[in-house]
Every structure is written in C-alpha cells, then in structure tokens.
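Open the model in your viewer and show side chains as sticks. This tour goes from one charged pair to the next.

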Amino acid sequence: MDYTDTETFQTILEQTETREKGNCFEDFTEGQTIDHAPGLTLSNYANELWASQTLNHDPIYWRTDAAREVGFEEPPVHPDYLVAAVMGPTVEDLSEKGGYFLGRTNLRYHQQDVAPGTELRVSSTVQGKKASSSRPEYGIVTWETEGIDAETGEALLSYERTNMIPRREPVATDGGQATDGETMEDPEDDAGDDTPAEFVTPDGPYFEDLQAALDEAADRDAAVAYRHERGRTMDDVLVATLPLMTLNTAKQHHNVDVMGDSPSGDIVAYGDVTRSVALGHARSDEATYREIGCDDERFHTFVTPGDTVYGFTRVLDAGDADETAGTVTFEHIAFNQRDEPVYSGTRRARIQTRN
C-alpha cells in the first residue's frame, strides 16, 4: 500500500486517532501541583526581541549606564518578557485544550534584577475549580503559578489566572477572550453618569508630575487620564514568533487552519503580547523605576493580525515616596483601531522622582 497516495492517505487519516495534547476540566483537582516540564533559559536575544517588538524601549533594559543609574549592575530581563516566559511553559498542561481566558490577578515581581541567562522552573497549583453556569460543556479552573530561579530556588514571579476549560466533550473555541457568560468583570461596573467632566494630563513623566495632576483633579470633577500617541500593528512576529519563543504551544497563535473556523476567524495575539504593547505605550510617557505588580487583568475581545493596539492610562493614586521614587497605581486600557477595549488591568509601579 502506498501511504503517500492522496486518496489512500485521506482514508487512513479518517481511521486513525489523534494523540491529543493538554488536559480537560476533569483532569484537575484542588490542591494539585503541576511541575511544568519545559523551562526557559532567559536569553538576552529573546529579551531584546520581546522588548523591541512591543515598543518597550526603556534604556534601563538596554544600556548598562542607564541600568546602573537606577541601582542595577547590568540591564535586567524586561518584566513583561519574564511574565510571558513564566506563563508560556504552563500552556501545554493548563490551557492548550482551549477555553476562554477569564483573567489574571495578584501578579507580583519578587525579584527586580533577573539577569539574562537565568534558568526558569515553573509550577502551578490548582486553587479552585467549579462548573460553568452558562456553558455546561466547560468548567472553570484557577491556578497559582510561580516561576523560580532553577539555581537558587528563589521565586521570581507569581500570579493567579482563571480559565474556562473544556470537559471531555469539548466544543470548538478559539481559546481567546470571554465574550459572554462568566467573566471576571462586574456587568454593573459601568462608567455611565460617573464619567468625569474633564480629564487632567500630567505635565511630565515623574512622580511629582503625577501627584500634582491628582491634586489638581481632586479639586473638581476631573480624573487624571490620557492617551498615548504610539500604536503597534499586530504582525507575524508579534502574533506567532513571540509566543512560540516563550514555549506557548496554544494553536490559537500559530495554526491558521484550525482558527479559520473559530469565532475570531484567524489566529489571535497572545494576551501577554497585547498587554506588553499597552504597557510599553504607557511606560514611554513615565519615568519608571521598578515594577511592583498587576491585578484584575482582563482581555475583552480578539486581537488578530492587522489590528493596531493603542494605549490609554488613568492614574488612580500616588504615595509612599522617597528621594528616589514614589508608588503609583495606574489603570491601563489597550484599545484597537475601532476604539474597542482589548485589555485592561491595574498596575502598581515605582516612578522616579525628579532629581
């Protein structure tokens, strides 16, 4: 028999089983810990590719002199690349089966000076699981994931994320963003009549500028919020290269054949790429000193090749300052060329004071 004869081969394919990857809802139990087999070595090449392509051009992560001015001996790994490099190896075990990404919270950077060459180990613990009230073919699972330095055993990063996960009889989804049913959003959380009468833009990138803008807004019906000028159009590097570079095996980012029949109709951007582009836009207008963490991160609609991602920032709070930096809480919203929100989250960072 000639297996390469087209008609013969198609008949054979119909009769053979596919060896599937990933886990279903029933495969997870509360308290279960999963040690993810892949583990990246954080390379300088991948770090620079990630930061350059997402427009995260802060010289702290590129130049030795700039890094040393803020207390680093050498340029460290960019925090967004670290997040993606920790999450990427988890995909095969946790979410490769598909299912909507409902959100991530309690993301914390435990080490600020992670160096290129650091070897990662990643594990996840099931924090909880429950049935989906709106989609009985799915369940909802929450994991806490931790990335550690393989040599020292020190925790570098941790977060909690929640996904819908198919049950044993899965339906076709594109593993993208929740569009209805359970989300981590409050449906009544609508700006509505609470929209401020005006918006204040800070005069500069430093902590004092942000604090002064908040003080100005507090005296009237105003909020500190502004748009960022830059936009980044999603291309093959962003949509496929960057996630694959982090060992993210989700077909949603690189398999056009499968995704052609999905709700998005095309491959979709890795959420952490969209997030990094949004934060890159924001950081270009602020004097960032250190990242602290992010909460309530959500992805609102699909981002596909050709979409352009822009950024919007609201300053929520500023305080706890010393001669070097002060702590600022931001809300960041990424939106596309149709002015539709595609990502949102709150972020706390130390912003440099004016010296």
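The stops below are salt bridges in a predicted model.

**The overall count.** A side-chain nitrogen of Lys or Arg within 4 Å of a carboxyl oxygen of Asp or Glu qualifies. By that rule there are 23 salt bridges.

**Stop one.** Select Arg168 and Asp27. Their closest N and O atoms lie 2.3 Å apart. Now trace the chain between them: the two residues are 141 residues apart. Arg168 belongs to the loop between strand E5 (155-166) and strand E6 (198-200). Asp27 sits in the loop between helix H1 (6-15) and strand E1 (33-36). Turn on the surface. Arg168 is partly exposed at 47% relative accessible area, and Asp27 is partly exposed at 27%.

**Stop two.** Select Arg63 and Asp65. A salt bridge joins their side chains, 2.8 Å from N to O. Arg63 has a relative accessible area of 43%, so it is partly exposed. Asp65 is partly exposed too, at 41%.

**Stop three.** Select Arg275 and Glu297. Here the N to O distance of the salt bridge is 2.5 Å. The pair links helix H9 (residues 271-283), which holds Arg275, to strand E8 (residues 288-299), which holds Glu297. They are 22 residues apart. Are these two buried or exposed? Arg275 is buried, with 0% relative accessibility. Glu297 is buried as well, at 1%.

**Last stop.** Keep that pair and widen the selection. Which residues share a salt-bridge network with Arg275 and Glu297? Add Asp80, Arg104, Asp272, Arg283, Glu286, Glu291 and Arg347.

Notes
Residues are numbered from 1 along each chain as its sequence is written. This is a predicted model: local features need pLDDT of at least 70, side-chain atom pairs count only at pLDDT 80 or more; totals for chains, interfaces and linings use all residues. Side-chain values use heavy atoms; hydrogens and water are left out. Helices (H or I, at least four residues) and strands (E, at least two) are DSSP runs, numbered from the N terminus. Buried means under 20% relative accessible area, exposed over 50%, partly exposed in between (1.4 Å probe, protein chains only).
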